[in-house]
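I opened a notebook on this structure and wrote down each thing as I looked it up. The entries follow in the order I made them.

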Amino acid sequence: MSQARQRARSPQDKELRKTALLAAARELAAERGVREVTLTAVTARVGLHPSALRRYFESREELLLELAEQGWADWRDRLLSDLDDATELTPEALASVVSGSLEQLPLFCDLLTHVVLSLEGAVRLERARRYKLAATEAYDAMVEALAGADTGLDRDGARTFLAGAMSCAAYQFQLSRPSDTLRELYAQEPRWAHDALRFREQLTTLLTAVARGARRTA
C-alpha cells in the first residue's frame, strides 16, 4: 500500500491529511467551480478512497463549509490590512478597496452563494454554530474597521455596506464564470455579456452606490 493511502494514525498525521483534503478541494474549486467539487475527486487527488474522507469530514458540505470559514478569516485580514493603508476613503475609493479585497478571494466569493443555498443547512448543529461564530467574529471586526476608518460610515452604515458587498460579490462572481455554452452565446451576442466577465468593475460600481447611501448624514 502506498504511503498516500496508509491510514493517518497520529494527531499530526491526521491534521496533515485534513489539510491535504482541504487543499485538494480548494484546487478543484479553482479549476471547476465549487458546484463541481465532489468527494470522489477530492479523495482521488490525495490518493484516498472516498470512504476515508469520513474520518475527517462527515460530508462534502462540511468540507466546503470549512473552506468558507477560512475564507472569512482571509477576507477580514486582507480588508483590515487594506484599510490601514488607505486615507480619505470616498465612496468610490472605499468601493475599490473592498472589491479589490474580494477579487483576491475567488473561492470565497464562489462559496458565499453555496453557503446560503446548501452548505450551512446540511451539517450538524454544532458545526453550523462553529461556522456562524467564526463568520460573525470576522464580520464584526470588519464593521469596526470600516466605522473606525475615514469612510464616513458609522456601525450601522458599515453593516449595510458589508451586506451589499457580500450579496453583490456572490452574484457578480457567478456571472463572471459563465458556462461554455454562455461563453459561446456571449461571443455571438456581445450585448448580453455586459454584466459578465467584469467582476471587479461591476462590483466597484455597485458598492460605490451602496457606500454613498450608507454614509452618515450631517
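Entry 1, a pair within one helix. I began with R159, which forms a salt bridge with D156, the closest N and O atoms being 2.9 Å apart. I note here that the model is a predicted one. Both R159 and D156 sit in helix α7 (residues 155-175), three residues apart, about one turn of the helix. I then looked up accessibility. R159 has 35% relative accessibility and so counts as partly exposed. D156, at 54%, counts as exposed, because the cut-off for exposed is over 50%.

Entry 2, the count. How many salt bridges are there by this rule? I got 17 salt bridges. I picked two further pairs and one network from the listing.

Entry 3, a pair between loops. The side chains of E58 and R124 meet in a salt bridge, with 2.7 Å from N to O. E58 lies in the loop between α2 (39-45) and α3, and R124 in the loop between α5 (106-119) and α6 (125-148), so this pair ties together parts that are 66 residues apart in sequence. I found E58 partly exposed at 41% relative accessibility. R124 is exposed at 57%.

Entry 4, a pair between helices. E103 forms a salt bridge with R200, and their closest N and O atoms are 3.3 Å apart. E103 is in helix α4 and R200 in helix α9 (residues 199-214), so to speak of distant parts of the chain is fair: the two are 97 residues apart. Are these residues buried or partly exposed? E103 counts as partly exposed at 34% relative accessibility, and R200 is partly exposed with a relative accessible area of 32%.

Entry 5, a network. I looked for salt bridges that join up. K18, E62, E66, E69, R127 and R130 are linked in a network of them. As a general remark, side chains of opposite charge can pair when their charged atoms come close.

Entry 6, α6 against α7. I went back to α7 and looked up its packing. α6 and α7 pack at an angle of about 120°, with their axes 9 Å apart. That angle makes α6 oblique to α7. The crossing of the two is right-handed. On the α6 side the contact is made by Y139, M142, V143, E144, L146 and A147, and on the α7 side by R155, A158, R159, F161, L162 and M166. R159, the residue of my opening entry, is in this list. By class, the contact of α6 with α7 has nine nonpolar, no polar and three charged residues.

Entry 7, α7 against α9. How do the axes of α7 and α9 cross? They come within 9 Å and cross at roughly 160°. This makes α7 roughly antiparallel to α9, since angles over 145 degrees count as such. α7 passes α9 in a right-handed crossing. From α7 the contact takes in G157, T160, F161, G164, A165, C168, A169, Q172 and F173, and from α9 F199, Q202, L203, L206, L207, V210, A211 and A214. The residues of this contact divide into twelve nonpolar, five polar and no charged.

Entry 8, a backbone angle. Last I looked up E88, which has a positive phi of about 50° although it is not a glycine. E88 is found in the loop between α3 (60-84) and α4 (91-103). At 62% relative accessibility, E88 counts as exposed.

Key
Residues numbered from 1 in each chain as written. Predicted model: local features only at pLDDT ≥ 70, side-chain atom pairs only at ≥ 80, totals over all residues. Heavy atoms only, no water. Buried < 20%, exposed > 50% of the residue type's maximum accessible area, 1.4 Å probe, protein only. Axes fitted to C-alpha atoms, helices over the stretch in contact; angles between N-to-C directions. Parallel < 35°, antiparallel > 145°, perpendicular 65-115°, else oblique. Left-handed = near helix turned anticlockwise from the far one by under 90°. Contact = heavy atoms within 4.5 Å. Nonpolar A, V, L, I, M, F, W, Y, C, P; charged D, E, K, R; others polar.
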